[in-house]
Amino acid sequence: MQDRIPDEPVRELLATVLVALDIPAPATVGGTEAHDRVLNDRAMHARIALRDALDDAPLDVEWTTRYLRERLSEHPPTGYVTSAQAHAALAAGKTWSEAVALPGGEPR
């Protein structure tokens, strides 16, 4: 069986699904709720897009990919401090409490 590379529109859809699901982890347990909420919303839209593409829906894969990207832009991975953000803040000389605080001062 020869390896088959998906057509470009399918690759774009799969790449967009990966973007939907591959969001940064929270730096603290306090950020887990916001992270999980965002991930759940994004996963729901990814499932809808994949189901649409697999169910021979009347809309084409390119339209489905655009639609998914629009939905993802409505659910950005925000509302929590990521590990990368916390490490960058620590490298900039902030304390751990400062590094994991959301704008406005609340730790997450």
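A15 sits in helix α1; helices here are DSSP runs of H or I with at least four residues, strands are runs of E with at least two, and both are numbered from the N terminus. With a relative accessible area of 40%, A15 is partly exposed, a label for values between the buried class (under 20%) and the exposed class (over 50%), using a 1.4 Å probe and protein chains only. A15 and T65 are 50 residues apart in sequence, yet their C-alpha atoms are 9.3 Å apart in space.

Please keep in mind that this is a predicted model, in which local features need pLDDT of at least 70, side-chain atom pairs count only at pLDDT 80 or more, and totals for chains, interfaces and linings use all residues. Residues are numbered from 1 along each chain as its sequence is written, and side-chain values use heavy atoms, with hydrogens and water left out.

**The chain as a whole**

- The chain has five helices and zero strands, which gives the pattern α-α-α-α-α when read along the sequence.
- Of the 108 residues in the chain, 29% are buried.
- Taking contacts (heavy atoms within 4.5 Å) between residues at least 6 apart in sequence, 62% join residues at least 24 apart.
- The accessible surface comes to about 7,300 Å², and 57% of that belongs to carbon and sulfur atoms; the areas come from the Shrake-Rupley method with a 1.4 Å probe, and for residues only the protein chains shown count as cover.

**Helix α2 and its surroundings**

- Helix α2 has 23 residues and reaches 32 Å from its first C-alpha to its last, close to the 33 Å expected at 1.5 Å a residue; the expected span is 1.5 Å times one less than the number of residues.
- The buried residues of α2 are A34, H35, V38, R42, A43, H45, A46, A49 and D52.
- An α-helix has 3.6 residues a turn, so residues three or four places apart point the same way.
- Those buried α2 residues pack against α1 (8-21) and α3.
- Just after α2, D56 takes a positive phi of about 55°.

**R42, a buried arginine**

- R42 belongs to helix α2, which covers residues 32-54.
- What is the nearest side chain of opposite charge to R42? D41 holds that place at 8.9 Å, and R42 is buried yet has no salt bridge.
- For charge, Lys and Arg count as positive and Asp and Glu as negative, while His and the chain ends are not counted.
- A polar atom of the R42 side chain lies 3.4 Å from the backbone oxygen of L72.
- Beyond its neighbours within four places in sequence, R42 is in contact with V19, A20, I23, L72, H75, P76 and P77.

**Salt bridges**

- The count comes to three salt bridges, each being a side-chain nitrogen of Lys or Arg within 4 Å of a carboxyl oxygen of Asp or Glu.
- E12 pairs with R69, their closest N and O atoms being 2.6 Å apart.
- E12 lies in helix α1 and R69 in helix α3, so this pair ties together parts that are 57 residues apart in sequence.
- Both partners are partly exposed, E12 at 32% relative accessibility and R69 at 40%.
- R71 meets E70 in a salt bridge at 3.7 Å, N to O.
- R71 also forms a salt bridge with E74, where the closest N and O atoms are 2.7 Å apart.
- Through these shared partners, salt bridges join E70, R71 and E74 into one network.
- Within the network, R71 is buried because its relative accessible area is 13%, whereas E70 is partly exposed at 42% and E74 is partly exposed at 48%.

**Other residues to find in the model**

- T64 is placed in helix α3, residues 61-73.
- Is T64 buried or exposed? T64 counts as buried because its relative accessibility is 2%.
- The C-alpha atoms of T64 and D52 are separated by 7.4 Å, with their positions 12 residues apart along the chain.
- Q85 lies in helix α4, residues 83-91, and counts as partly exposed at 46% relative accessibility.
- Q85 and A99 are 14 residues apart along the chain, and their C-alpha atoms are separated by 7.5 Å.

Conventions:
A polar contact is a pair of N or O atoms within 3.5 Å; within protein, one must be able to donate a hydrogen and the other to accept it, and residues adjacent in sequence count only if both atoms are side-chain atoms.
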